[in-house]
Amino acid sequence: GGEVMCWGDNTRGQRGNGTGTGGSTPVAVTLTAAASTKASPSASTLSSGENHTCVLLADGRIDCWGAGDSGQIGNGAGDDQPLPADVTGLLPDVTGVSCGLAHSCALFETGTVHCWGDNDAGQLGNGTNDGSLVPVQVLCR
């Protein structure tokens, strides 16, 4: 049905319900609505990193929540997000999302990839070791 439920540790907002309370009982995550519509968002794909989660919404946007100190939420804030936040600057033609330890990536219909978050080992694929609070395009050679 496109709903998202989370459970477990919540010290960094990983459950996505706006509280710091963890637990073994699943709780509903309220996904963000698109600015252009009042329709309830629907999840199509979900991926979790060490302490954050990102979900690809049916309308092609990505919401992320949880630990954000390395920029892995992708909203430009660089801090933990206990509620879902839209990833900044992604066009609505995203077809996939994947989370790593402290970074996240989006795959587009065109085959391009954008990543954000920690980059100390080159995880973002942009030719640097500088982390990013917002998506940057992976360089293909």
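**Close-up views of a predicted model**

**View 1. Surroundings of N126.** In this predicted model, the side chains of N126 and T128 form a polar contact of 3.1 Å. N126 sits in the loop that runs between β9 (113–117) and β10 (132–137). N126 counts as buried because its relative accessibility is 17%, and buried means under 20%. Beyond the neighbours within four places in sequence, the residues in contact with N126 are N119, V136, Q137 and L139.

**View 2. Surroundings of T32.** T32 belongs to the loop between β2 (23–29) and β3 (43–48). The relative accessibility of T32 is 19%, so T32 counts as buried. The side chain of T32 is joined to that of D86 by a polar contact of 2.8 Å. With neighbours within four places in sequence set aside, T32 is in contact with D86 and also with P41, L57, R61, D63 and P84.

**View 3. T32 and L124 in one frame.** This view takes in two positions that are 92 residues apart in sequence, T32 and L124. From C-alpha to C-alpha, T32 and L124 are 25 Å apart in space.

**View 4. The largest nonpolar core.** The largest nonpolar core is made up of 14 residues. Within this core, the residues with the most contacts are I62, C64, L90, V94, A106 and W116. Two or more core residues come from each of β4 (52–57), β5 (62–66), β7 (94–99) and β8 (103–108). β7 gives the largest share, three residues. In soluble globular proteins, nonpolar side chains tend to be buried together.

**View 5. Another nonpolar core.** Apart from the largest nonpolar core lies another core, which has eight residues. Among them are L31, A43, V55 and L57. One of these, L57, is also in contact with T32, the residue shown in View 2. Another, L31, is also part of the lining of the largest pocket.

**View 6. The largest pocket.** Rolling a probe the size of a water molecule over the atoms shows where empty space is left. The volume of the largest pocket is about 160 Å³. Its lining includes G1, G2, E3 and V4. A28, V29, T30 and L31 also line the largest pocket, as do S40 and P41. By class, five of the lining residues are nonpolar, four are polar and one is charged. P41, one of the lining residues, is in contact with T32.

Note on methods:
Residues numbered from 1 in each chain as written. Predicted model: local features only at pLDDT ≥ 70, side-chain atom pairs only at ≥ 80, totals over all residues. Heavy atoms only, no water. 1 Å grid on protein atoms, 1.4 Å probe; cavity = no way out; pocket = protein on both sides within 12 Å on 5 of 7 lines; lining within 4 Å. Points joined across faces, edges and corners; volume = space filled by probe spheres on them. Nonpolar A, V, L, I, M, F, W, Y, C, P; charged D, E, K, R; others polar. Helix = DSSP H or I, 4+ residues; strand = E, 2+ residues; numbered from the N terminus. Buried < 20%, exposed > 50% of the residue type's maximum accessible area, 1.4 Å probe, protein only. Polar contact = N/O pair within 3.5 Å; in protein donor to acceptor, adjacent residues only side chain to side chain. Contact = heavy atoms within 4.5 Å. Core = buried A, V, L, I, M, F, W, Y, C linked by side-chain atoms within 4.5 Å.
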